[in-house]
Amino acid sequence: MNAEYEKCMAGKWYDCHDPFFLELKARTQHLLMQYNALPYDASEQKRILLLDMLGSIGHNVSVGHSFTCDYGCNIHIGDNVTVNTGCTFVDCNRIDIGSNVLIAPNVQIYTATHPVDLIERLAPHPEAGGIRYERRTYALPVSIGDGCWIGGGAIILPGVTIGPGSVIGAGSIVTKNIPANVLAAGNPCRILRQINIK
């Protein structure tokens, strides 16, 4: 196992320009180019590419064009899931999507982030001939529970867990965990009410 990948998955600073990540990203981008070029009804070819690209994928999964991700291997999708058009999953850490989930168009899921302070985000390292700047990155997992519906254009930030059965309103920015069976919306995303599950 690559040392930088282990640090990444543990939520520690890691070098996102390590050759391991560059090779993985290049492979995934090649697969994405093939995937996004397929016709709408090429279901079997799409599934073969998703099986090759993603960490795991259940039955009856639809991922619309154009789909974008970083590595693919950190994305795990359950059964009966629709990922609509134009979605971006920055899967530097694990993204878990449960079963019976609806993800509307243009949803963005981010796992990667950086320190706020410039001196931490862009750390200087003296080298022969000058200074090299290291862009510090870390990544935190995102989890979406069974039966969720993520509205169009929502953005889910690193480290967020959305509980089973919850609905996230269109255009929301989800900065903190959302419990199960609630309607939540806004920027930042807030709980509006409980959802009746009976």
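**View 1. The lining of the largest pocket mixes six nonpolar, eight polar and two charged residues.** Welcome to this predicted model; our tour starts at the largest pocket, which holds about 340 Å³ of space. Its lining is made up of 16 residues, and those nearest the centre of the largest pocket are Tyr35, Tyr40, Lys46, Ser62 and Val63. Helix H3 (43-53), strand S2 (61-63) and strand S5 (81-83) are the elements that each give two or more residues to this lining. Which element provides the largest share of the lining? That is H3, with four residues.

**View 2. The second largest pocket has a volume of about 170 Å³.** Here 13 residues form the lining, and Cys16, Lys25, Asp70, Tyr71 and Arg135 are the closest to the centre of the second largest pocket. Sorted by class, the residues of this lining are seven nonpolar, three polar and three charged. Helix H2 (residues 19-37) gives the most to the lining, namely three residues.

**View 3. Helix H3 has buried residues at Lys46, Leu49, Leu50 and Met53.** Why do they lie on the same side of H3? They span an arc of only 100° around the axis, and this places them on the same side of the helix. You may recognise Lys46 from the first view, where this residue is among those nearest the centre of the largest pocket. What do the buried residues of H3 pack against? Their neighbours are H2, strand S1 (56-57), S2 and strand S3 (68-69).

**View 4. Seven strands form an open sheet with mixed pairing.** Following the order of the sheet, you meet S2, S5, S8, S15, S18, S20 and S21. S2 and S21 are the edge strands, each with a single partner strand, so one side of each has no neighbour in the sheet. Within the sheet, strand S18 (residues 167-168) and S20 run parallel and are joined by two bridges. One residue pair to look for is Ile168 with Ala184, its bridge partner in S20.

**View 5. Strands S20 (residues 182-185) and S21 pair in the antiparallel sense.** Four bridges connect these two strands. Across the pairing, Leu183 stands opposite Arg193 in S21. The hairpin of S20 and S21 has four residues between the strands, and in this hairpin Gly186 takes a positive phi near 110°. Is S21 well covered or hardly covered? Strand S21 (residues 190-194) is hardly covered, as the count of buried residues among its five residues is zero. S21 is also one of the edge strands of the open sheet, with a single partner strand.

**View 6. Two cis peptide bonds can be found in loops, one between His65 and Ser66 and another between Asn187 and Pro188.** Most peptide bonds are trans. For the bond that joins His65 and Ser66, omega is about -20°. Ser66 has its place in the loop between S2 and S3. For the bond that joins Asn187 and Pro188, omega is about 0°. Where should you look for Pro188? Pro188 sits in the loop between S20 and S21.

**View 7. Asn60 and Asn100 each have a positive phi.** Most residues other than glycine have a negative phi. Asn60 has a phi near 55°, a positive value in a residue that is not glycine. You will find Asn60 in the loop between S1 and S2. The relative accessible area of Asn60 is 59%, so Asn60 is exposed. Asn100, also not a glycine, has a positive phi of about 60°. Asn100 belongs to the loop between strand S7 (95-97) and strand S8 (102-103). With a relative accessible area of 46%, Asn100 is partly exposed.

**View 8. Met1 lies in the segment before helix H1 (3-9).** Is Met1 buried or exposed? Met1 counts as exposed because its relative accessibility is 74%, and the cut-off for exposed is over 50%. How many residues separate Met1 and Leu140 in sequence? They are 139 residues apart in sequence, while their C-alpha atoms are 19 Å apart in space.

Technical notes: Residues numbered from 1 in each chain as written. Predicted model: local features only at pLDDT ≥ 70, side-chain atom pairs only at ≥ 80, totals over all residues. Heavy atoms only, no water. 1 Å grid on protein atoms, 1.4 Å probe; cavity = no way out; pocket = protein on both sides within 12 Å on 5 of 7 lines; lining within 4 Å. Points joined across faces, edges and corners; volume = space filled by probe spheres on them. Nonpolar A, V, L, I, M, F, W, Y, C, P; charged D, E, K, R; others polar. Buried < 20%, exposed > 50% of the residue type's maximum accessible area, 1.4 Å probe, protein only. Arc of directions from axis to C-beta. Contact = heavy atoms within 4.5 Å. Pairing = 2+ DSSP bridges.
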